[in-house]
Amino acid sequence: MVVPHHPAGARLARHRLAGELADVVPPTLLADLIAVLAELVGNAVRHARPLPGGVVRVAWRLRSSAEGAVIQLGVTDGGASTGPRLRTASADAADGRGLHIVAGLATRWGVERDGMGQRVWAEFDPVPTHRPDLVPAG
């Protein structure tokens, strides 16, 4: 999905993710997914250029593994002069903690760059699903 390169884009992404995965993953995991996606979209809006059309691309997918469904979130933007990195924020700092939240909630995260921008992703290890009829994409 694409969302505006604007703070409202994070809200749109959160609502869509919640609507699509509410019956698929446990509520506590859904809360973590929503928090991480909001942080990644917010970072893209604050720190990176938009993609053509003034947008940010947001995606999530469930993929099969031997242990169950792995969930990956990804946010693609037009890139920035410096890439995303963990920072040390003072107790009084108003920002600088977002990627620590991502790193704390996700199993792993990373950045992929190409000539058009960057994709920041976060992955969550396998979890049981609430819907046995759901077949993760693989």
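The chain contains 3 helices and 5 strands in this predicted model. Read from the N terminus, these elements follow the order β-α-α-β-β-α-β-β. Of the 138 residues in the chain, 38% are buried. The accessible surface amounts to about 7600 Å², and carbon and sulfur atoms contribute 55% of that area. Among contacts in the chain with a separation of 6 or more, 63% are formed by residues 24 or more positions apart.

Strands E2 and E3 form a pair within this arrangement. Strand E2 spans residues 55-65 and runs antiparallel to E3, to which it is joined by 9 bridges. The connection between E2 and E3 is a hairpin of 2 residues. One of the paired positions is Arg63, whose bridge partner in E3 is Val70.

Arg61 also belongs to strand E2. This residue is partly exposed, its relative accessible area being 44%. Leaving aside residues up to four places away in sequence, Arg61 is in contact with Val70, Ile71 and Gln72. With respect to Gln72, the separation is 11 residues in sequence, while the C-alpha to C-alpha distance is 5.5 Å.

Strand E3 itself is largely enclosed by the rest of the structure, because 9 of its 10 residues are buried. Thr76 is located in this strand, which covers residues 68-77. The relative accessible area of Thr76 is 13%; this residue is therefore classed as buried, the cut-off being under 20%. When residues up to four places away in sequence are not counted, Thr76 touches Leu51, Val56, Arg57, Gln118 and Arg119. Of these contacts, Val56 and Arg57 fall within the range of strand E2, residues 55-65.

Burial was also examined in helix H3. This helix comprises residues 98-105, and its buried residues are Gly98, Leu99 and Val102. Viewed down the axis of H3, the buried residues are confined to an arc of 95 degrees, and they therefore line one face of the helix.

Taken together, the values describe a chain of 3 helices and 5 strands in which E2 and E3 are antiparallel neighbours joined by 9 bridges. Within this pair, Arg61 of E2 is partly exposed, whereas Thr76 of E3 is buried.

Terms used: Residues are numbered from 1 along each chain as its sequence is written. This is a predicted model: local features need pLDDT of at least 70, side-chain atom pairs count only at pLDDT 80 or more; totals for chains, interfaces and linings use all residues. Side-chain values use heavy atoms; hydrogens and water are left out. Buried means under 20% relative accessible area, exposed over 50%, partly exposed in between (1.4 Å probe, protein chains only). Helices (H or I, at least four residues) and strands (E, at least two) are DSSP runs, numbered from the N terminus. The arc is that of the directions from the helix axis to the C-beta atoms. Contact means heavy atoms within 4.5 Å. Two strands pair if DSSP finds at least two bridges between them. Accessible areas come from the Shrake-Rupley method with a 1.4 Å probe; for residues, only the protein chains shown count as cover.
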